[in-house]
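Biologist: Please give me a close look at one pocket of this model and at the parts of the chain around it. I would also like to know how each term is defined.

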Amino acid sequence: MVHPDNIVHDDVVAKAEVMSMIDAVDVQQQFTIDRSFGRREQLIDWVRNEASKLGFGIVILRSDNGNSRRKAFVVLNCERGVSYVQSNRVLKHEDTGSRKCGCPFKLRATRRVVDLWRLTVICGIHNHALDPKLHRHPMACRLSREEKIVISNLSIVKVAPRNILADLKRKKPDNVSNIKQVYNERHNLKVLKMGPRAEMQQLLKLLGDNKYVSSFRTSEDKVTVRDIFWTHPKSIKLFNTFPTVLIMDSTYKTNKYRLPLLEIVGVTSTDKTYSVGFAFLNSHRDMYARLYEN
């Protein structure tokens, strides 16, 4: 026998359905177009541009390049679509949430003939409110190909990241990227420039390319660098001219290798400071012994 308190009445169900659709937004008309696109990337760019104007982001849910039996297609979904799948491992704090809310908005692009793409609206309804500003949307904050080229060119001439971001927003006022995207792109450029070389190999290469004087010692395996010292030829000339006052200081835990960084600073006769040299040391006990060797 079912207890009366456990019976869900029809009016309660109807009220729950109405409450769940309070934030529903229908944008089907904005994506119902009689237009063909020459390339898949051109269609995706158009959809993402229209979605940004409305206040949401677009992600690729599925895609297929097609073959002799089926046509090429791509399924586009709202960035808040699907549901968050909990991992077996606890990778985040329990008090954090997910932006995923199972949004049903979905588009499908199909290549009808060779290099001719058509867009079809599968579901044009969002079950959440749209944001007038997309500053915190990951997809909207992504950098375009042209913006990545600008960051690359300005990074070569040593422009500060904050000035690079200001230049991007000046050229494109509706840009919602933040400083994090600029730093990430600069890091990707550095990794691409390094190629297969390790970080220590890249450091030694840069020291050689820029004509620095350097010296390093390896561990017993003859592969792992134990410590390294480097200085510039101009610093050596300054040191030979003003060797009276030297200031040495070592910082700890400033890098992922946990190697202390020793910095040596000299003072000129006019009370101006200059850098004598730098060293990454395996231990502070080797600091002065290594210094006297050089």
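**The second largest pocket and its surroundings**

Modeller: Helix H6 gives the most to the lining of the second largest pocket, with 7 residues. Helices (H or I, at least four residues) and strands (E, at least two) are DSSP runs, numbered from the N terminus. Before going on, please keep in mind that this is a predicted model, in which local features need pLDDT of at least 70 and side-chain atom pairs count only at pLDDT 80 or more, while totals for chains, interfaces and linings use all residues. Residues are numbered from 1 along each chain as its sequence is written, and side-chain values use heavy atoms, with hydrogens and water left out.

Let's start with how the pocket is found. Rolling a probe the size of a water molecule over the atoms shows where empty space is left. On a 1 Å grid over the protein atoms alone, a pocket is an open set of points with protein on both sides within 12 Å along at least five of seven lines, whereas a cavity is a set of points where a 1.4 Å probe fits but cannot get out; lining residues have an atom within 4 Å of a point. Grid points are joined across faces, edges and corners, and the volume is the space filled by probe spheres set on the points.

By that count, the second largest pocket holds about 920 Å³ of space. It is lined by 23 residues, and Lys 190, Lys 193, Met 194, Gln 202 and Leu 206 are the closest to its centre. Helix H4 (145–156), helix H6 (179–194) and helix H7 (199–209) each supply at least two residues of the lining. By class, the lining has 11 nonpolar, 6 polar and 6 charged residues. Here Ala, Val, Leu, Ile, Met, Phe, Trp, Tyr, Cys and Pro count as nonpolar, Asp, Glu, Lys and Arg as charged, and the others, Gly among them, as polar.

Two of these helices, H6 and H7, are joined by a loop that holds Arg 197. This residue is partly exposed, with a relative accessible area of 28%; buried means under 20% relative accessible area, exposed over 50%, and partly exposed in between (1.4 Å probe, protein chains only). Not counting residues up to four places away in sequence, Arg 197 touches Gln 202 and Lys 205, where contact means heavy atoms within 4.5 Å. Gln 202 is one of the residues closest to the centre of the pocket.

Helix H4 leads into another loop worth a look: Lys 158 sits between H4 and helix H5 (161–171). Its phi is near 65°, a positive value in a residue other than glycine. Most residues other than glycine have a negative phi, and most peptide bonds are trans. Lys 158 is exposed, with a relative accessible area of 74%. Lys 222, in the loop between strand E8 (213–218) and strand E9 (225–231), also has a positive phi near 65°, and it counts as exposed at 67% relative accessibility.

For a contrast, turn to helix H3 (residues 40–54). At 1.5 Å a residue, its 15 residues should span 21 Å, and its end C-alpha atoms are 21 Å apart, which agrees; the expected span is 1.5 Å times one less than the number of residues. In H3, Leu 43, Ile 44, Trp 46, Val 47, Glu 50 and Ala 51 are buried. They cover an arc of only 160° around the axis, which puts them on the same side of H3; the arc is that of the directions from the helix axis to the C-beta atoms. Their cover includes helix H2 (28–31), strand E3 (58–64) and strand E6 (116–123).

Leu 43 has a relative accessible area of 1%. Leaving aside residues up to four places away in sequence, Leu 43 touches Phe 37, Leu 76, Ala 109, Trp 117, Arg 118 and Leu 119. The C-alpha atoms of Leu 43 and Arg 118 are separated by 8.3 Å, though the two are 75 residues apart along the chain. After H3 comes Gly 55, with a positive phi near 110°.

As for the whole chain, there are 9 helices and 12 strands, and 29% of the 294 residues are buried.
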